[in-house]
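Open the structure in your viewer and keep the selection tool handy. We will go from stop to stop, and at each one you will hear what to select.

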Amino acid sequence: STSDRTIRLTFRELYGMGPMTYFRSLRLNAVRNRLCSAPWISVADAARSFGFQHLGNFAADYRRLFGERPSE
């Protein structure tokens with residue numbers, strides 16, 4: 001079986017980030033796609049539908065990744 005450390009190092013080598021950061025960025029991109037394709041959906045509903053529970057952290061992560069607020 002592969003150790004957690006090996007998985008983290010391999011992820012970092014392949015994607016330039018750890019697995020948790022990688023999967024968070026996938027979820028953030030999914031929220032962004034949802035908001036762009038269905039602008040009538042609230043930011044909170046879109047974020048929650050992809051597993052973001054703390055909306056303040058979600059908004060900060062979104063802004064850090066995309067350089068804009070989720071509501072823009």
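What follows is a short walk through this model, which is predicted.

**Stop 1: helix 1.** Select residues 4-15. This is helix 1, with 12 residues. From its first C-alpha to its last it reaches 16 Å, close to the 16 Å expected at 1.5 Å a residue. Now add glycine 16, just after the helix: its phi is positive, at about 75 degrees.

**Stop 2: helix 1 against helix 2.** Keep helix 1 and add helix 2, residues 19-37. How should you describe such a pair? Two packed helices are described by the angle between their axes and the distance between the axes. Here the axes of helix 1 and helix 2 come within 9 Å and cross at roughly 50 degrees, so the two helices are oblique to each other. To see who makes the contact, show Arg8, Phe11 and Tyr15 on helix 1, then Pro19, Tyr22 and Phe23 on helix 2. By class, that contact has 5 nonpolar residues, 1 charged residue and no polar ones.

**Stop 3: helix 2 against helix 4.** Hide helix 1 and select helix 4, residues 55-66, together with helix 2. Their axes come within 10 Å and cross at roughly 90 degrees, which means that helix 2 is roughly perpendicular to helix 4. On the helix 2 side, the contact is made by Arg24, Ser25, Leu28, Asn29, Val31 and Arg32. Helix 4 brings Phe58, Asp61, Tyr62, Leu65 and Phe66. Sorted by class, this contact has 6 nonpolar, 2 polar and 3 charged residues.

**Stop 4: the core.** Which residues form the largest nonpolar core? Select these 9: Leu28, Val31, Leu35, Ala46, Ala47, Phe52, Phe58, Tyr62 and Phe66. Colour them by helix, and you will find that helix 2, helix 3 (43-49) and helix 4 each supply at least two of them.

**Stop 5: two aromatic residues.** Zoom in on phenylalanine 58, in helix 4. Is phenylalanine 58 buried or exposed? Its relative accessible area is 2%, under the 20% cut-off, so it is buried. Setting aside neighbours within four places in sequence, phenylalanine 58 is in contact with Leu28, Val31, Val43, Ala47, Phe52 and Pro70. You can also try a distance: phenylalanine 58 and arginine 48 are 10 residues apart in sequence and 9.5 Å apart in space, C-alpha to C-alpha.

Finish with tyrosine 62. Leaving out neighbours within four places in sequence, tyrosine 62 is in contact with Leu28, Arg32, Gly67, Glu68, Arg69 and Pro70.

How values were computed:
Residues numbered from 1 in each chain as written. Predicted model: local features only at pLDDT ≥ 70, side-chain atom pairs only at ≥ 80, totals over all residues. Heavy atoms only, no water. Helix = DSSP H or I, 4+ residues; strand = E, 2+ residues; numbered from the N terminus. Expected span 1.5 Å × (residues − 1). Axes fitted to C-alpha atoms, helices over the stretch in contact; angles between N-to-C directions. Parallel < 35°, antiparallel > 145°, perpendicular 65-115°, else oblique. Contact = heavy atoms within 4.5 Å. Nonpolar A, V, L, I, M, F, W, Y, C, P; charged D, E, K, R; others polar. Core = buried A, V, L, I, M, F, W, Y, C linked by side-chain atoms within 4.5 Å. Buried < 20%, exposed > 50% of the residue type's maximum accessible area, 1.4 Å probe, protein only.
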